[in-house]
Amino acid sequence: MNNQLLIKEKLQAKLENIQVNRGGSPVTDLQLDKTLTEEIEQLTTELESLNPNLHPLVNATYLLEGAWQLQYSTAREIRSLVSLPLGLKLGKVYQVIDVANKLFFNLAKVKHPLGLVSGYVKVTASFEPAKEDFESLPNKRINVYFDKRYLSIEKIVGINTPQLNPFKVVSANNPTSRTATLDITYLDETLRIGRGGDGSLFILNKSNDLADFIS
């Protein structure tokens, strides 16, 4: 087994261990002790240094296509979803990418533990490859432009509520003094690692369980 696969397995095993009994909900650094977050960061950095697709926006866009499930993040927006009002709990979080049209959406499932209500928050966005002044081709950075935020209730006490799906649509917030960016720092067929412009970390696995939203 080569070093890349060995480190990838170690990282995924560590993430799987901390996600036990979480129902697929992503973990943030604020939920872990400092030693564990440092171990995850070290393994992530080591794996990034062995990225098999150093120019994903040039020769590996086909790998970006489709649905990805968020496993771990240090981003402020993901941290905020961990503490929801009214007893709601965060479920699985996805990012679905349409490479051809340079579009994606983020989808966070939410539900009440007693089954009183379930729904989701969806944010749509567009993106474009970003090219540094000294680069002849795009490397790994994309500029992100958020569009709409959808708040939806899918079920109340088990009953479908299409009239509330969505019940609110508003403009999504973009940074006021800069363009939001994301660096794709590792990419293969099943794992993607990204770093936001503010240094936040995102680790995602390829997913096949979002057919209803993709179609």
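Contact here means heavy atoms within 4.5 Å. With that rule, Val93 touches Pro26, Trp68, Gln69, Leu70, Leu107 and Ala108, leaving out residues up to four places away in sequence. Keep in mind that this is a predicted model. Below is a quick tour of its cores, its β9 pairings, its salt bridges and its rings.

**Around Val93**

- Val93 is found in strand β3, which covers residues 89–98.
- Its relative accessible area is 7%, so Val93 falls under the 20% cut-off and counts as buried.
- Val93 and Val110 sit 17 residues apart in sequence, and their C-alpha atoms are 9.1 Å apart in space.

**Nonpolar cores**

- As background, nonpolar side chains in soluble globular proteins tend to be buried together.
- In this model the largest nonpolar core holds 26 residues, and Leu187 and Phe202 have the most contacts inside it.
- Strand β9, residues 180–187, gives the most to this core, with 4 residues.
- Another core lies apart from it, with 16 residues, among them Ile18, Leu43, Tyr72 and Leu201.
- What does Phe202 contact, once neighbours within four places in sequence are set aside? The list is Leu70, Tyr72, Ser73, Ala75, Glu77, Ile78, Leu182, Arg192, Ile193, Gly194 and Gly196.

**Strand β9 and its partners**

- β9 is mostly covered, with 8 of its 8 residues buried.
- β6 and β9 run antiparallel and are joined by 4 bridges; here Val144 stands opposite Ala180 in β9.
- β9 and β10 also run antiparallel, joined by 5 bridges, and Ile184 stands opposite Gly194 in β10.
- How many residues does the hairpin from β9 to β10 run through? The hairpin joins the two strands through 3 residues.

**Salt bridges**

- The count comes to 7 salt bridges.
- One of them brings together the side chains of Arg79 and Asp29, at 2.6 Å from N to O.
- Arg79 belongs to helix α5 (residues 76–82), while Asp29 is in the loop between β1 (27–28) and α2 (34–48), so this pair ties together parts that are 50 residues apart in sequence.
- Is Asp29 buried or exposed? Asp29 is buried, at a relative accessible area of 17%, whereas Arg79 is partly exposed at 30%.
- Glu48 and Arg195 form another salt bridge through their side chains, at 2.9 Å from N to O.
- That pair links distant parts of the chain, with Glu48 in helix α2 and Arg195 in strand β10 (residues 191–196), 147 residues apart.
- Both Glu48 and Arg195 are buried.
- Asp183 and Arg141 also meet in a side-chain salt bridge, at 2.6 Å from N to O.
- Here the link runs between strand β9, which holds Asp183, and strand β6 (residues 141–156), which holds Arg141, with the two residues 42 apart in sequence.
- Asp183 is buried with a relative accessible area of 12%, but Arg141 is partly exposed with 31%.
- Salt bridges that share partners pull Glu41, Glu48 and Arg195 into one network.

**Rings and charges**

- As a reminder, a pair of aromatic rings is described by the distance of the centres and the angle of the planes.
- A search of the whole structure turns up 1 aromatic pair.
- That pair is Phe104 and Phe127, with ring centres 6.3 Å apart and planes at 40°, so it counts as tilted.
- Phe104 lies in strand β4 (residues 103–111) and Phe127 in strand β5 (residues 117–129), so the pair ties together parts that are 23 residues apart in sequence.
- Both rings belong to buried residues: Phe104 has a relative accessible area of 8%, and Phe127 comes in at 10%.
- Which ring does the charged end of Arg192 sit over? That would be the ring of Trp68, with the charged end 4.9 Å from its centre.
- Trp68 also turns up among the residues that Val93 touches, and Arg192 is one of the contacts of Phe202.
- Lys122 lies over the face of Phe105, at 5.1 Å from the ring centre.

Definitions and conventions. Residues are numbered from 1 along each chain as its sequence is written. This is a predicted model: local features need pLDDT of at least 70, side-chain atom pairs count only at pLDDT 80 or more; totals for chains, interfaces and linings use all residues. Side-chain values use heavy atoms; hydrogens and water are left out. A nonpolar core is a set of buried Ala, Val, Leu, Ile, Met, Phe, Trp, Tyr and Cys residues joined through side-chain atoms within 4.5 Å. Buried means under 20% relative accessible area, exposed over 50%, partly exposed in between (1.4 Å probe, protein chains only). A salt bridge is a side-chain nitrogen of Lys or Arg within 4 Å of a carboxyl oxygen of Asp or Glu. Rings of Phe, Tyr and Trp (its six-membered ring) pair if their centres lie within 6.5 Å; planes under 30 degrees apart count as stacked, over 60 as edge-to-face and the rest as tilted. A charge sits over a ring if NZ of Lys or CZ of Arg is within 6 Å of the ring centre and within 35 degrees of the ring normal. Two strands pair if DSSP finds at least two bridges between them.
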